[in-house]
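Please open the structure in a viewer and keep the selection panel at hand. The tour below proceeds stop by stop, stating what to select and what is found there.

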Amino acid sequence: MDWPEKIVSVLKANDICSISFVPDAVIGKILTIAEKDPYFHVTTLAREEEGIGIITGEYCGGRYGVLMMQSAGLGNCVNALASLAIPYQIPFLMFISQRGELGEFNACHMVMGKAIRGILDAMGIQHYTLDREESVDLILNGAIKTAYSSDQPVAIILSTALVGWKDEK
Amino acid sequence: MINRLEATRYLVQQLTDEPVIASCGNPKFDLYTAAGEREANFYMWNSMGMASSIGLGLAMARPDKKVIVLDGDGAILMNLNSLTTAASKSPSNLVHIIWDNGQYQITGGQPTHTSGKADLESIARGAGFHKVSTVDTMAAFKEALSQILSEPGPWFLVAKTDSAGAPGRPPKSPVHIKNQFMKGLSVKGERQ
């Protein structure tokens, strides 16, 4: 299995059936696989912050979800994480496709890309980086366990070292 | 003009175990004053604008329950994009009620854009909701609610309200609120 297949497979093995997302090319590779499987409920968000609310509602109703977005989207989620998911103790994984690191061509993605770990640290959100295909299973299973035993969101950062970068000059 | 507490009291009298999500600001004070003893009430202490998204998530996860969102005009103006997501998913069990008094009541009554040119009913239609209406009397609210609770949605109802306050204050602990709410939905918090 390659990394998108591994991610989808670990989610399913952990009863996580709902994916809320704002797409980018990286997230798109995961969605292409998940959308073929009727097990998954996939919701396109107009803005990433909605996903924090949707996952909160789903969790209270007994369904588990993940949020998938690009690093820019974390900026749109900060208040909902700080004032809803963290204080109400809503566990879930956020997959953040990181711009602004290896291979970036666009200066307007650099600042948020570099800021995501600092933002997560400032809110006390644990984060783990996927940069090698062989560690995907270990990190995801571990992060899911940590999220649901602490009732807190946990972030998974998808590094361009694993997922590649946009081929633009 | 509708008195928001009176309308909230009337609404909860019509309910059995339907989950109700009350936005930050006054909707949660009214809901707690009207029905503080209900387990299936979710009180938001912040995350302004998120009520509509929480309601959508719950409605999608629990098609067996009619999900009621009590929102404010200021709050929904902060998350208008969520209306396009809700209309796109269109869960038939979603009921989104806006208490629209044209002001940020909790911060001193500064006007919102619905006191000027913005029309939430038109915005909801434009987002893709079909079952949309606006009411400004208690009689019209009761009539609309009767239809909402007996027919499939999703529903979007704008109720023009006054800005009277309610004395009730829900518990301050977010975790307590969540646990009570999940108990009301018969969902166990522990998963592993």
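A residue is called buried here if 20 or more other C-beta atoms lie within 10 Å of its own, and exposed if 12 or fewer do. The model on display is predicted.

**Stop 1: a covered helix in chain B**

Select residues 26-35 of chain B, which form helix 2. How many of its 10 residues are buried? Eight are, and helix 2 of chain B is thus described as mostly covered. The buried positions are Asn26(B), Pro27(B), Lys28(B), Phe29(B), Asp30(B), Leu31(B), Tyr32(B) and Ala34(B). Now add the partners against which these buried residues pack: helix 1, strand 1 (20-22), strand 2 (41-43), strand 3 (67-72) and strand 4 (94-100) of chain B.

**Stop 2: two helices of chain B**

Keep helix 1 of chain B, residues 4-14, and add helix 7 of chain B, residues 138-150. Two packed helices are described by the angle between their axes and the distance between the axes. Here the angle is about 30 degrees and the axes are 11 Å apart. Angles under 35 degrees count as roughly parallel, and helix 1 and helix 7 of chain B are therefore roughly parallel to each other. The crossing of helix 1 of chain B with helix 7 of chain B is right-handed.

To see the contact itself, display Glu6(B), Ala7(B), Tyr10(B), Leu11(B) and Gln14(B) on helix 1 of chain B. They meet Met138(B), Phe141(B), Lys142(B), Leu145(B) and Leu149(B) on helix 7 of chain B. Coloured by class, this contact shows seven nonpolar, one polar and two charged residues.

**Stop 3: two backbone details in chain B**

Most residues other than glycine have a negative phi, and most peptide bonds are trans. Chain B offers an exception of each kind. Select Gly153(B) and Pro154(B): the peptide bond from the former to the latter is cis, with omega near 10 degrees. Pro154(B) belongs to the loop between helix 7 and strand 8 (155-160) of chain B.

Next, centre on Ser186(B), in the segment that follows helix 8 (174-184) of chain B. Its phi is positive, near 55 degrees, although the residue is not glycine. Is Ser186(B) buried or exposed? Ser186(B) has 10 C-beta neighbours inside 10 Å, and therefore counts as exposed.

**Stop 4: the sheet of chain A**

Move to chain A and display its strands. Six of them form an open sheet in the order 2-1-3-4-6-5, with parallel pairing. Which strands lie at the edges? They are strand 2 and strand 5 (127-130) of chain A, each of which pairs on one side only. From one strand to the next the twist averages 20 degrees.

Select strand 1 of chain A, residues 16-21. This strand is mostly covered, with five of its six residues buried. Five bridges join strand 1 to strand 3 (residues 64-70) of chain A, and the two run parallel. Along this pairing, Ile16(A) stands opposite Tyr64(A), and Ser18(A) stands opposite Gly65(A). Strand 1 of chain A also pairs with strand 2 of chain A, in the parallel sense and over four bridges. There, Ser20(A) stands opposite Thr43(A).

**Stop 5: Asp15(A) and helix 1 of chain A**

Step back to Asp15(A), in the loop between helix 1 and strand 1 of chain A. Its phi is positive, about 60 degrees, although it is not a glycine. Asp15(A) counts as partly exposed because it has 13 C-beta neighbours inside 10 Å.

Now select helix 1 of chain A, residues 3-13, together with helix 6 of chain A. They pack at an angle of about 30 degrees, with their axes 10 Å apart, which makes helix 1 of chain A roughly parallel to helix 6 of chain A. The crossing is right-handed. Trp3(A), Lys6(A), Ile7(A) and Val10(A) of helix 1 meet Val136(A), Asp137(A), Leu140(A) and Asn141(A) of helix 6 of chain A. By class, five residues of this contact are nonpolar, one is polar and two are charged.

**Stop 6: where the chains meet**

Finally, show both chains. In all, 26 residues of chain A are in contact with 27 residues of chain B. On the chain A side, the elements that give two or more residues are strand 2 (41-44), helix 3 (49-60), helix 4 (71-85) and helix 6 (136-150). Helix 3 of chain A supplies the largest share, nine residues. The chain A side comprises 11 nonpolar, 11 polar and four charged residues.

How values were computed. Residues numbered from 1 in each chain as written. Chains lettered and ligands numbered in written order. Predicted model: local features only at pLDDT ≥ 70, side-chain atom pairs only at ≥ 80, totals over all residues. Contact = placed C-beta atoms within 7 Å. Nonpolar A, V, L, I, M, F, W, Y, C, P; charged D, E, K, R; others polar. Axes fitted to C-alpha atoms, helices over the stretch in contact; angles between N-to-C directions. Parallel < 35°, antiparallel > 145°, perpendicular 65-115°, else oblique. Left-handed = near helix turned anticlockwise from the far one by under 90°. Pairing = 2+ DSSP bridges.
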